[in-house]
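Colleague: I am new to reading structures, and I would love a close look at one part of this one. Could you walk me through it slowly?

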Amino acid sequence: MKTDLTGLFTEKPQSGEVTVGENINFVAKVNAASLLKKPTIKWFKGKWMDLASKSGKNLQLKELYDRNSKVYTFEMQIIAAKPSFAGAYRCEVSSRDKFDSCNFDLTVHGFDIRAAFRRTASKSQVKNEPDEDVWEILQKAPASEYEKIAFQYGITDLRGMLKRLKKMKKEEKKSEVFLKKLDPAYQVEKGHKMKLCIEVANEDVDVKWLKNGQEIQSTGRYIFESVGNKRYLTINHCSLSDDATYTCVVGDEKCTTELFVKEPPVTITSHLEDQMVMKGERVELECEVSEEGATVKWEKDGVELTRDESFKYRFKKDGRKHVLIINEATKEDCGHYTVKTNGGESMSELMVSEKELEVYQNIADLTVKAKDEAVFKCEVSDETVKGIWYKNGVEVKADARTNITHIGRIHKLTIDDVKPEDQGDYTFVPEGYAFNLSAKLNFLDPPKIHLDCMGHTSDSTIMVVAGNKLRLDVPITGDPAPTVHIASIPILVMTEGDGRLHVESTKGHCIFTIEGADKQDEGLYSVIVRNPAGEDKADINVKVVDAPDPPSAPRILSVGEDSCVVQWDPPKSDGGNPIIGYVLERKKKKSYRWMRLNFDPYTDTTYEAKRMIEGVEYEMRVYAVNAIGMSCHSAASQPFIPVAPTSEPVGLCVDDISDTTISLKWRTPEHLGSSELDGYGVEYCKEGSDEWVPAFEGLTERTSVIIRDLPTGEKMQFRVRAYNMAGPSAPTSLAQAVTIQKPKIWIPRNLRQTLIKKVEETINLVIPFQGKPRPVITWSKDGEHLNPKQVSVRNSDTDTILFIRKSERKDSGKYEVKLQIENVEDTASISIQIVDLPGSPEKLKIMDVWGFNVALEWKPPKDNGNCEITGYMVQKADKKTMEWYTVYELYRRTNCVVADLIMGNEYIFRIYAVNMVGLSLEPCFSADSAYIQKTGFEYKPPTYKEHDFSEAPKFTHPLVSRSVIAGYNATLSCSVRGIPKPKVTWYKNKMDISNEAKYRMFSKQGVLTLEIRKPCSFDGGVYMCKAVNASGEDALLNTPGLPTNCQLHCHSCMLSG
């Protein structure tokens, strides 16, 4: 398919200039509103160098997208420009079948071409890295790339250039004649001026200038100058003939330089054109370039064309014109042909047809209705020919409604469920043939009624005020023009009477007019339009509206000091339009002047009227309002007099409280108003509830009250209201809820566990409680009454006290206290434990004597002091001195071994029992004594088997695969353990690298490190570490996962001019 060379750029990158070391940006913008997919952009330098792979320190490519404008912005930023960055650049953008490109140039100022060809500097010169140029590119490139580089950079005499540069001297000899010689080489653009300069020691000496060994004569192009000891040769308008070796001769000495004339990039001024020919015809593809005699390259589908043996392709030059000739075209010659120069390229498509294609049946114009099927059909002579369908120039793609078929010689395009947007010009183009078949699809428009909110399922409603004119303007469309039919019962009635109906039909409109509409004109009007394509129907509901009926007479719900609350019922009829509100009026009973209370409609049916005079009799009435107007006023309400309720009672407080009753009191309200006080109402509710319960029926005239039968233990809230003829006042409530008390014992925290006391200590227990009236308190111990001689009990309104002056062990037990008020009671228990010193242990025996040791055994005491025995104190004494020494201070078992006794001594033993109170009063002595015999013995030291610490090597931390940057040192690390220290060997791709200088191996505290010096892509591979000692080795194939190996990937990054 032909590639459309459309203008995709909305902003193209422009040529620019930059100084060495500075930055420059090139911006291209593409509008993607009409593109089917995201555009793809490529940046090139010269002809073939794709800059996408050169992104890095000196080159950055950016991409931005504006969703609002749908514009892509592509930016190429050159950072710290170098002289080698100068040259021609190209930007290409493509999106599916669309393509565009543009060329631009970059000029870098401060560029010294001599540095590109200078091999050796003077003695005082510091070594600098030369800028990359054509000669450096030729030096680095293989010989097979010379022709490509020469074509790219416009080198016309490649062989001569290489030959001359090869002969350039590497070192310059000192000269007594020349103070300054010519540089080894110079470069100049074609058509520019070149000036060569030398300095001689003698100002009066004459010099000669030679070109390729021939003396140069002074002409208009060659100018000789002599200024002091300087001699100049100026060459104006340099051409390719000036590309030569220049020599300056002084006497017997001379200096030589090479001058290279660089041609500007050759651009294409006249591009190739697409062609379609018949098989066997001669084809000529012609273009025109900017320079005569320029070298161009021809390609077909990306493959370079050359003169083959059959001379199928001929290349012709005529000045700036270049022609590619194909003598006899064949089907194989179809494709895209490209002509390339070092400054641009041009592409065209060649299509070759075998023979004329005959059309047996052409496609015909179609006229279809909505939702019908449209079928375009054609028949051609060749069954193998394929084709493409277009609609208004855009290729038709198959989808759910569109079906494209090719059966034999017949091609069909079928469109199901035709819609208005399917109308247009359809074209069939056979592939490989220079003609097409066209037809038009006409859409038959069915009639349509255009009304807001109109449809077959929802009716349109038009409202008209009674007595006004009703005018219905119904827009209609359809091709051909539809006829209009009306169906309505109200219209038939009117035509029999006064004839108030007028019907007028115009193009695109149908107008119905009813003069003086009233309730009888309400109803459903049906409008029907018809034409050959179909019909449409609209139902219009006409509603005649009027002002509403008056509301019912208002009712007075309550009155205040200067206000009242009034309520009324809506009117029976709203006049066909919703009620939007009400207007209220009032007047004094003896007056005839009504005063409006609100000017904006009031939407509710309950209203509070204010600013009335207390004690004066009033009446109220109401108007209903809808969108049409206001109704007549309602009947007046019953007369009423505003009276204010009293203020709330003050000083509400609790006078007394018990387990089921409460006594409240309060004071008279401060403001009683103009009406007498009827009494007080008292209410109560549980805390957290909003359900208030009257404390008694009716009202009380007293300012105090006793409320009985309240739930014991509940938190209750109370309030009081004052009543007069205006109703209840605001309530007065207690500041906080009141708890109806029940007997409750509060056990202190320290008494909730067993109380432990020593014998003869004083016990004084204070137990607080609550309860009103004062409860009956009863103490008991283990279910029995207390002995008043041993235990004293004292009671108050808030607590009860249990007192024992000197406690005894018999006072231990569980004490219970009980509170009782009528039939409600509460109980609590307290445990008391009286402890004493334990008794002595029993039956201490010497069970065995051996060496310096004695084994003892005894029995616990019979009396443990009413608490647990915590241990025993074991003591020993030498019968000679009878001084007692403690062996064990708190020993828990009833047998022990006393060690480290002295030979030749006789010992006796005693034991005390210990509990939480202390030691037993008397110890238990051993009945016998133990004598330690003097016996000799020989010490035999123990023998130990020497431990084997050897361990086979084992890697404890693996190697990890990693990627590194070429030119930067890289390290691989792992860790190993083993005894004795293992020998470590490193492998790369299973090859031992221990003796290679590029690698350094380190081992410190079991951490193994391999350093790779300045790795390159060759150093990428699989590295393995192997450890071996006398106990074994850790190798790759022995244990799964070991030895640890890793894979190293080496990446390179380069920015080239």
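In which loop is Pro 13 found? Please start there and then show me what the charged side chains are doing.

Modeller: Happy to help! Keep in mind that this is a predicted model. Pro 13 is found in the loop that runs between strand E1 (9-11) and strand E2 (16-19). With a relative accessible area of 4%, Pro 13 is buried, because anything under 20% counts as buried. Now look for Cys 91: this residue is 78 residues away along the chain, yet its C-alpha atom and that of Pro 13 are separated by 7.9 Å.

Let us move to strand E1 itself. Glu 11 sits in this strand, and its partner Lys 29 sits in strand E3 (residues 24-31). The two form a salt bridge, with 3.8 Å between the closest N and O atoms. They are 18 residues apart, and the pair links distant parts of the chain. Glu 11 counts as partly exposed, at 35% relative accessibility, and Lys 29 also counts as partly exposed, at 29%.

A useful contrast is Glu 75, which has its place in strand E7 (residues 71-78). Glu 75 is buried but has no salt bridge. The nearest side chain of opposite charge belongs to Lys 62, and it is 5.0 Å away. A salt bridge needs the nitrogen and the carboxyl oxygen within 4 Å, so a pair at that distance does not qualify. What Glu 75 does have is a polar contact of 2.9 Å, which joins its side chain to that of Asn 25.

How do salt bridges look elsewhere? The whole structure holds 31 of them. One of them joins Arg 621 and Glu 585, whose closest N and O atoms are 2.8 Å apart. Arg 621 lies in strand E50 (residues 618-626) and Glu 585 in strand E47 (residues 579-588), so this pair ties together parts that are 36 residues apart in sequence. Here Arg 621 counts as buried, at 12% relative accessibility, and Glu 585 counts as buried too, at 8%. In another pair, the side chains of Glu 395 and Lys 397 meet at 3.2 Å, N to O. Glu 395 is partly exposed, with a relative accessible area of 28%, whereas Lys 397 is exposed, with 55%. Salt bridges can also be joined up: Lys 211, Arg 221 and Asp 242 are linked in a network.

Some charged residues gather with others of like charge. On the surface, Arg 307, Arg 314, Lys 316 and Lys 317 make up a patch of positive charge. Among them, Lys 316 lies in strand E24 (residues 313-318) and counts as partly exposed, at 46% relative accessibility. A patch of negative charge on the surface is made by Asp 372, Glu 373, Asp 416 and Asp 417. Within this patch, Asp 372 lies in the loop between strand E29 (366-369) and strand E30 (374-380), and its 34% relative accessibility makes it partly exposed.

To finish, here are two buried residues in strands. Ile 804, in strand E66 (residues 799-804), is buried with a relative accessible area of 0%. Asn 1029 belongs to strand E84 (residues 1021-1029) and counts as buried at 11% relative accessibility. The side chain of Asn 1029 reaches the backbone nitrogen of Ser 1031 at 3.0 Å.

Notes:
Residues numbered from 1 in each chain as written. Predicted model: local features only at pLDDT ≥ 70, side-chain atom pairs only at ≥ 80, totals over all residues. Heavy atoms only, no water. Patch = residues over 30% accessible without salt bridge, like charges linked within 9 Å, V, L, I, M, F, W, Y side chains within 5 Å. Areas by Shrake-Rupley, 256 points an atom, 1.4 Å probe, with all protein chains shown as cover. Lys, Arg positive; Asp, Glu negative; His and termini not counted. Charge placed at Lys NZ, Arg CZ, Asp CG, Glu CD. Helix = DSSP H or I, 4+ residues; strand = E, 2+ residues; numbered from the N terminus. Buried < 20%, exposed > 50% of the residue type's maximum accessible area, 1.4 Å probe, protein only. Polar contact = N/O pair within 3.5 Å; in protein donor to acceptor, adjacent residues only side chain to side chain.
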